[in-house]
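Reader: I would like a close look at a single part of this chain, namely its open sheet and the helix that lies across it. Please take the strands in turn, and then set that part beside other details of the chain.

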Amino acid sequence: MEESPSLIVFVDAFPYSELMKAPFLNGFRYRRPLVPNIGYSVNLQAEIFTGKSPDDLGYFCDWKFDPEKSPFRSWNKILSLLTPLEFGYLPRRFVHKVLSRFRGVECKDIPMRFLPHLSPTKRDVFSMDFPGGSLFTQFGFAIIKCTDFRGELWERDVAVFEKAKEELKTRPRLVLMLGALDGCGHWEGVGSAKWDSLIGALDDKCRELCEVYERHYRGGTVAVLSDHGMSNVQRGHKIDLSRLNGKRCKCFVDGTIIRVWSGDEDVLDDASKYLNSVDWGSLLSEAERRDAGITNREFGDLIFIANEGEQICPSFWGAKLSKGMHGYRASNKQMGIALLSWEPRMAPREWAAQQVYRELRRAMGEGED
Ligand SMILES: [Zn+2]
């Protein structure tokens with residue numbers, strides 16, 4: 001089969017509501033808000049490019065309770081010796097960096113005594129050996145991602161655009177993965193001067209790339225996508241870890257999501273009571289878990305989500321409050337962009353991740369399976 005040319009530009013954390021700041025992208029004929037599922041980029045991106053839910057994929061968020069597979073499973077003693085260092089910010093950062101490098105896994109600010117119980121997801125849909133395959137492996141895409149370059153976040157994105165201009169001369173199917181906007185949203189906030197100028201710069205780079213692409217592959221498919229939006233943080237909230245972690249109970253605390261595991265229903269009842277007592281977030285119901293495709297108990301016996309604009313701080317990702325966060329239930333600000341330059345067969349007002357996958361497959365000349 002002849003390869004239908006396709007260019008996919010993926011921008012992490014581009015809220016649909018910010019599209020009017022990007023005149024070129026906003027000029028795409030077909031624009032849809034993309035409704036993200038629950039979770040973070042690691043599962044959201046995979047959902048878009050495989051059409052599978054976290055239940056199908058077998059993972060949700062970046063870490064889970066899994067002592068068997070923990071890279072620190074036999075490190076109990078040494079980590080408890082290092083624990084006193086956690087009281088100082090700088091020594092803690094230093095030890096975490098050393099541990100991350102030594103075990104080849106980013107352990108951020110996870111308390112050291114927790115590490116032997118937890119294992120990282122370590123999946124990347126922008127990789128050619130993604131388990132079970134993806135749109136990119138099925139259709140022979142060249143993948144160019146910002147994490148393959150060094151430098152400041154925006155310098156990496158610029159390097160991705162430059163490499164793409166070279167690659168497209170020989171590769172008609174190309175995907176770019178850009179990460180600077182996500183970083184800027186977290187540390188500068190949505191609507192900050194840096195954020196606005198970054199959207200302008202991204203828009204210019206997309207225009208440049210699309211012009212070159214069009215010269216090589218007139219009429220080829222172009223899609224610009226994101227996995228979720230970004231909301232400015234209003235307040236931070238401390239969590240009492242002693243209520244969620246002990247001999248019979250384990251937890252993982254992300255910036256907006258808390259997951260709790262225990263084989264003991266009474267212990268889970270206590271944890272639920274504690275989490276239900278706060279007024280800035282709530283536990284996912286069984287119905288919500290079913291709708292989101294996160295019913296697997298390995299993802300957490302309890303899953304708590306902060307309300308939009310609230311952040312758990314400190315969390316296992318850091319001790320500082322961010323300016324912007326995502327990982328809430330979907331709302332206007334949480335919606336990402338889905339811009340497609342071809343005519344969609346159906347044009348619903350909003351798209352969920354799995355719909356985007358089906359439309360992308362159709363654009364490659366494949367029917368629905
Ligand atoms: Zn992010």
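Author: What follows describes the sheet and its helix, and then turns to the domains, a helix pair and some details of the backbone. Please keep in mind that this is a predicted model.

The sheet is an open one of four strands, which are arranged in the order β10-β11-β13-β12 and pair in antiparallel fashion. At its edges stand β10 (250-253) and β12 (281-283), and each has a single partner strand, so one side of each is left without a neighbour in the sheet. Direction ignored, neighbouring strands of this sheet are turned against each other by 15° on average.

One of these pairings can be followed to the residue. Strand β12 is joined to β13 (residues 302-306) by three bridges, and the two run antiparallel; within this part of the sheet, L283 stands opposite F304 of β13. Helix α10 (residues 265-276) lies across β11 (257-261), β12 and β13, and its direction is at about 10° to that of β13.

As for the wider setting, the chain is divided into domain 1 (6-56 + 124-230 + 330-363), domain 2 (64-120) and domain 3 (234-321). Between the C-alpha centres of domain 1 and domain 2 there is a distance of 33 Å.

A helix pair may be set beside the sheet. Helix α7 (residues 153-167) packs with helix α9 (residues 193-216) at an angle of about 10°, and their axes are 10 Å apart. Because angles under 35 degrees count as roughly parallel, α7 and α9 are described as roughly parallel to each other. On the side of α7 the contact is made by W154, F161, A164 and K165, and on the side of α9 by L198, K205, L209 and V212. Sorted by class, this contact of α7 with α9 has six nonpolar and two charged residues, with no polar ones.

Some details of the backbone remain. C313 and P314 are joined by a cis peptide bond, with omega at about 0°, and P314 has its place in the loop between β14 (310-312) and β15 (324-325). C61, which is not a glycine, has a positive phi near 65°; this residue lies in the loop between α3 (54-57) and β3 (63-65) and is buried, with 22 other C-beta atoms within 10 Å. K108, also a residue other than glycine, has a positive phi of about 40° and lies in the loop between α5 (89-103) and β4 (118-120). With 16 other C-beta atoms within 10 Å, K108 is partly exposed.

Notes: Residues numbered from 1 in each chain as written. Predicted model: local features only at pLDDT ≥ 70, side-chain atom pairs only at ≥ 80, totals over all residues. Axes fitted to C-alpha atoms, helices over the stretch in contact; angles between N-to-C directions. Parallel < 35°, antiparallel > 145°, perpendicular 65-115°, else oblique. Contact = placed C-beta atoms within 7 Å. Nonpolar A, V, L, I, M, F, W, Y, C, P; charged D, E, K, R; others polar. Buried ≥ 20, exposed ≤ 12 C-beta atoms within 10 Å, placed from the backbone. Domains from an automatic or database assignment. Pairing = 2+ DSSP bridges.
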